Amino acid sequence: MLLEEMQQAISEIADQVGPSVVGIGRRGPRGSGIVIEPGIVLTNAHNVRREGVGVSFGDGRRAEGTVVAADYESDLAIIEADTGEMVPISREAGETPDIGLPVLGLSNPGGEGLRVTIGYISGTQREFRGPRGRKIRGSLEHTAPLLPGSSGGPVVDRNGRLLGINTNRLGEGFYLAIPAGPTLDQTISRLRTGQAASRVRLGVGVAPNEVARKMRRAVGLEEADGLLVRVVEDDSPAGQVGIREGDLLVSVAGAELSTADDLYAVLETIEEGARVPAVILRANEMIELTVEF
């Protein structure tokens, strides 16, 4: 009886949601995507490498799509393509994705055909690193097994409503999904206008605290906590204020720094145009600066 119910659930979701699931690419990077509006496909940014990308539909049709915008920090991208009569996925609020909630994962890896699998939510508020190193927080972990090329496809509840965008594989048997909701809607709205997220950058490459301590010890300097500045970009906020390679970045905006994630976290709280304090240690001299972003 249970197997029959599972079969019915999978079949219903395949019919209901399957037509909105597309394949992205074919050679090289390939993945999946979702028709979210007529003519608009949502996928992961790591699935697109060029302005033009192939989009394959469940009915066998293939179209050339244009990347409107790709945000590699949130790992999301919007593609414009002729979606024909494909019905967009339902984005109305689904069930609360608590641990144990039954879910279904859908994909069309590179246009090879629709896959539908079943599992359950195994974790919430998880985090992982996006394509450029920043942590993506608040993701859903689920157990619906998915093949390579499934990223960008949807995970849905048993009523076919969108819960998240499958994005990151965790070993064997687990997947992380960017959750549906207001934050995703805001990102989609921004990408629809051709804009990636506006995030301030300090313009430095850094090594973590433990490396900084070893380097300072090796040259006879007193050990201290902070990030070792390895690279400073020309004309960046760091470069304009005089931060140099070899400086120890101790704090920014009052936040003490030990890892690159600490720096990313504080930068996410700073708006463009803001002036914030920063402290560096140059040799044994503590220097207070004001950085303008």
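Buried means a relative accessible area under 20% and exposed means over 50%, with partly exposed in between; by that scale Asp185, at 33%, is partly exposed. The structure described here is a predicted model, and the report uses this scale for the salt bridges and for two loop residues, alongside an account of the barrel and the pockets.

**Salt bridges across the chain**

A search of the whole structure finds 18 salt bridges. One of them joins the side chains of Asp185 and Arg91, with an N to O distance of 2.8 Å. This pair links distant parts of the chain, since Asp185 belongs to helix α2 and Arg91 to the loop between β6 (76-80) and β7 (102-107), the two residues being 94 apart. Arg91 has a relative accessible area of 31% and is therefore partly exposed.

A salt bridge also brings together the side chains of Arg213 and Glu223, at 2.7 Å from N to O. Arg213 lies in helix α3 (residues 209-218) and Glu223 in the loop between α3 and β14, so this salt bridge ties together parts that are ten residues apart in sequence. Arg213 is partly exposed, with a relative accessible area of 26%, and Glu223 likewise counts as partly exposed, at 33% relative accessibility.

Glu292 forms a salt bridge with Arg275, in which the closest N and O atoms are 3.4 Å apart. Here the linked parts of the chain are strand β18, which holds Glu292, and strand β17, which holds Arg275, with the two positions 17 residues apart in numbering. Glu292 is partly exposed, at a relative accessible area of 46%, whereas Arg275, at 57% relative accessibility, counts as exposed because the cut-off for that class is over 50%.

| Salt bridge | N to O distance |
|---|---|
| Asp185 and Arg91 | 2.8 Å |
| Arg213 and Glu223 | 2.7 Å |
| Glu292 and Arg275 | 3.4 Å |

Beyond these pairs, Glu127, Arg129, Lys135, Arg137 and Asp261 are joined into one network by salt bridges that share partners. Side chains of opposite charge can pair when their charged atoms come close.

**The barrel**

Six strands close into a barrel, and their order around it is β7-β8-β9-β12-β11-β10, with antiparallel pairing. On average, neighbouring strands of this sheet are turned by 50 degrees against each other when direction is ignored. Within the barrel, strand β9 (residues 135-142) and strand β12 (residues 174-179) run antiparallel and are joined by three bridges; His142 stands opposite Tyr175 in β12.

**The two largest pockets**

The largest pocket holds about 530 Å³ of space. It is lined by 20 residues, of which Ser74, Ile136, Arg137, Thr183 and Arg199 are the closest to its centre. The barrel strands β9 and β12 and the helix α2 (182-192) each supply at least two residues of this lining, and α2 gives the most, with six residues. By class, the lining of the largest pocket comprises seven nonpolar, five polar and eight charged residues. Arg137, one of the residues closest to the centre of this pocket, also belongs to the salt-bridge network described above.

The second largest pocket has a volume of about 260 Å³. Its lining is made up of 13 residues, and those nearest its centre are Arg134, Arg201, Val204, Tyr264 and Leu267. Both β13 (204-207) and α5 (260-267) supply at least two residues of the lining of this second pocket, with α5 giving the most, namely four residues. The lining of the second largest pocket divides into seven nonpolar residues, one polar residue and five charged residues.

**Two loop residues with positive phi**

Most residues other than glycine have a negative phi. Asp235, however, has a positive phi near 60 degrees, and Asp235 is found in the loop between β14 (227-232) and α4 (237-241). Ala283 also has a positive phi, of about 60 degrees, although it is not a glycine; the place of Ala283 is in the loop between β17 (275-282) and β18 (285-292). As for accessibility, Asp235 is exposed, with a relative accessible area of 68%, while Ala283 is partly exposed, at 41%.

Key
Residues numbered from 1 in each chain as written. Predicted model: local features only at pLDDT ≥ 70, side-chain atom pairs only at ≥ 80, totals over all residues. Heavy atoms only, no water. Pairing = 2+ DSSP bridges. Axes fitted to C-alpha atoms, helices over the stretch in contact; angles between N-to-C directions. Buried < 20%, exposed > 50% of the residue type's maximum accessible area, 1.4 Å probe, protein only. 1 Å grid on protein atoms, 1.4 Å probe; cavity = no way out; pocket = protein on both sides within 12 Å on 5 of 7 lines; lining within 4 Å. Points joined across faces, edges and corners; volume = space filled by probe spheres on them. Nonpolar A, V, L, I, M, F, W, Y, C, P; charged D, E, K, R; others polar. Salt bridge = Lys/Arg side-chain N within 4 Å of Asp/Glu carboxyl O.
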